[in-house]
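Student: I should like a close look at a single part of this model, the place where the two chains meet. Please describe what each chain brings to that contact and how the sheet is arranged around it.

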4 protein chains.
Amino acid sequence: MLSHQTRLRVRYAETDQMGVVYYANYLVWMEVGRVELCKALGFRYKDMELNDGVFLAVVEAQCRYIYPARFDQDVLIESSVERATPRLVEFGYEMRAGDDGRKLATGSTKHMFCGRDMKPVRLPEKYKVNFGIG
Amino acid sequence: MLSHQTRLRVRYAETDQMGVVYYANYLVWMEVGRVELCKALGFRYKDMELNDGVFLAVVEAQCRYIYPARFDQDVLIESSVERATPRLVEFGYEMRAGDDGRKLATGSTKHMFCGRDMKPVRLPEKYKVNFGIG
Amino acid sequence: MLSHQTRLRVRYAETDQMGVVYYANYLVWMEVGRVELCKALGFRYKDMELNDGVFLAVVEAQCRYIYPARFDQDVLIESSVERATPRLVEFGYEMRAGDDGRKLATGSTKHMFCGRDMKPVRLPEKYKVNFGIG
Amino acid sequence: MLSHQTRLRVRYAETDQMGVVYYANYLVWMEVGRVELCKALGFRYKDMELNDGVFLAVVEAQCRYIYPARFDQDVLIESSVERATPRLVEFGYEMRAGDDGRKLATGSTKHMFCGRDMKPVRLPEKYKVNFGIG
């Protein structure tokens, strides 16, 4: 399976008055993991947007919150391609504490390839190898 | 069913370089809807935290993105209690364009009642009526 | 002076673990006030971007934090045009508690008119009246 | 002068529909730089909050935007203590492109030491050495 691990440190901005990370920020972390996974797969998401006009429009996102992340904590994000076709791609994510490996959250996102007009397109041939599409 | 409608206007801060609302912000909107739904149900979430030390810790969140929301757009959020027990509560959300009613997204969140220490607690008796718990 | 008052309610997402609104979010509120001020001045910022390709690129922002804003608080934002030329515009902001009028923060932002390429442009003639220019 | 350099990569979430980083996010980056600077000065901001109940309440923030930062760009933040007394501390920031060193923005923040109740306190003796207070 195509997967990649990236890490980040929890920002004060990401906490809320409950003293833990606000729930929407885990989706931002998934984006961070996804972008780095793309690099590990051999391309820059930035270039795909800029050079090919192909965007990953999210159609579904989901997160299970297991243990709260806290300010200044080191977080490991394991991102992987769960499924890829010329039309869409699904990513899976596992977020763990950097020190003791405790699982913080798991998530998934589903994206359609689309053009600048947000209309669906097929993934250009040259990117298929990056997503492991035969 | 216990439900409530609230509205907001898309902020520039909420857009990203794709020209549409960044996907994590829909979870912020769900929070806005949830807080207003609580008021419609007869209590302030703020007071439950402050006076009773009871928090709604999110354990799951999910969103389906149907049509992209854009800057300065008027958005209607229909929030509802899908299920409530003394241990947990599930909310459902439907986000629509304020002008033509076009569906933008649907979502759900599942929360456990917990104390300041993030440990699970039972919902205090006095709040049961607000959640329609018998 | 050209000024306008708008209001908003503090979101949970906007708080941090200090239990008050995170400092960067006041700049988001200034944007909310600025966008509504533009409407009061007779045009939609959205249209200026979309139809005329003219953007307000911020060159300076400043905020003085006087009293902390808290979750679910009603906030009044008084926004005003402090200075406008065909090249740049300065806005001032005063943020107050909606209930007792207590001053929460004051701020200012300075913007250059620019094109899609982020290069400076002169404000199109038709908008001059909106900014009270000659 | 007490200073420290940290780096980060621009997130997609941090961009807006102008295609560049939204202006409020530079204040988040300043926080990232400030937190790492504290570590370089010999203490964890997290511990100061948790163990000593001392918070850095921001009283003023300012940013000058020189050149727009873009998605996936490497950004260097040079943070420094500009002034420190037992009552308050001022930080300065310089943000540069990681590749060519181009200056993106400069900023400053001024903070008062305060307790959990947001009332001003004097910096505990043990931290004075970290801030270079005689």
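Tutor: In this predicted model, the contact draws on 16 residues from chain A and 16 residues from chain B. On the side of chain A that touches chain B, helix H1 (25–40) and strand S2 (55–65) of chain A each contribute at least two residues. The largest share of that side, nine residues, belongs to S2(A). By character, the residues of the side of chain A that touches chain B comprise 13 nonpolar, one polar and two charged.

The strands themselves pair across the contact: S2(A) and strand S2 (residues 55–65) of chain B run antiparallel and are joined by five bridges. Within this pairing, Cys63(A) has Ala61(B) as its bridge partner.

The pair S2(A)-S2(B) belongs to an open sheet of ten strands with antiparallel pairing, in the order S1(A)-S3(A)-S4(A)-S5(A)-S2(A)-S2(B)-S5(B)-S4(B)-S3(B)-S1(B). Its edge strands are strand S1 (3–9) of chain A and strand S1 (3–9) of chain B, each of which pairs on one side only. From one strand to the next, the twist averages 25°.

At the chain A edge, S1(A) runs antiparallel to strand S3 (residues 74–84) of chain A, with seven bridges between them; there, His4(A) is opposite Ser79(A) of S3(A). H1(A) packs on the sheet, where it touches S1, S2, S3, strand S4 (88–97) and strand S5 (103–114) of chain A, and its direction makes about 135° with that of S1(A). In chain B, helix H1 (residues 25–40) lies across S1, S2, strand S3 (74–84), strand S4 (88–97) and strand S5 (103–114) of chain B, at about 135° to S1(B).

Notes: Residues numbered from 1 in each chain as written. Chains lettered and ligands numbered in written order. Predicted model: local features only at pLDDT ≥ 70, side-chain atom pairs only at ≥ 80, totals over all residues. Contact = placed C-beta atoms within 7 Å. Helix = DSSP H or I, 4+ residues; strand = E, 2+ residues; numbered from the N terminus. Nonpolar A, V, L, I, M, F, W, Y, C, P; charged D, E, K, R; others polar. Pairing = 2+ DSSP bridges. Axes fitted to C-alpha atoms, helices over the stretch in contact; angles between N-to-C directions.
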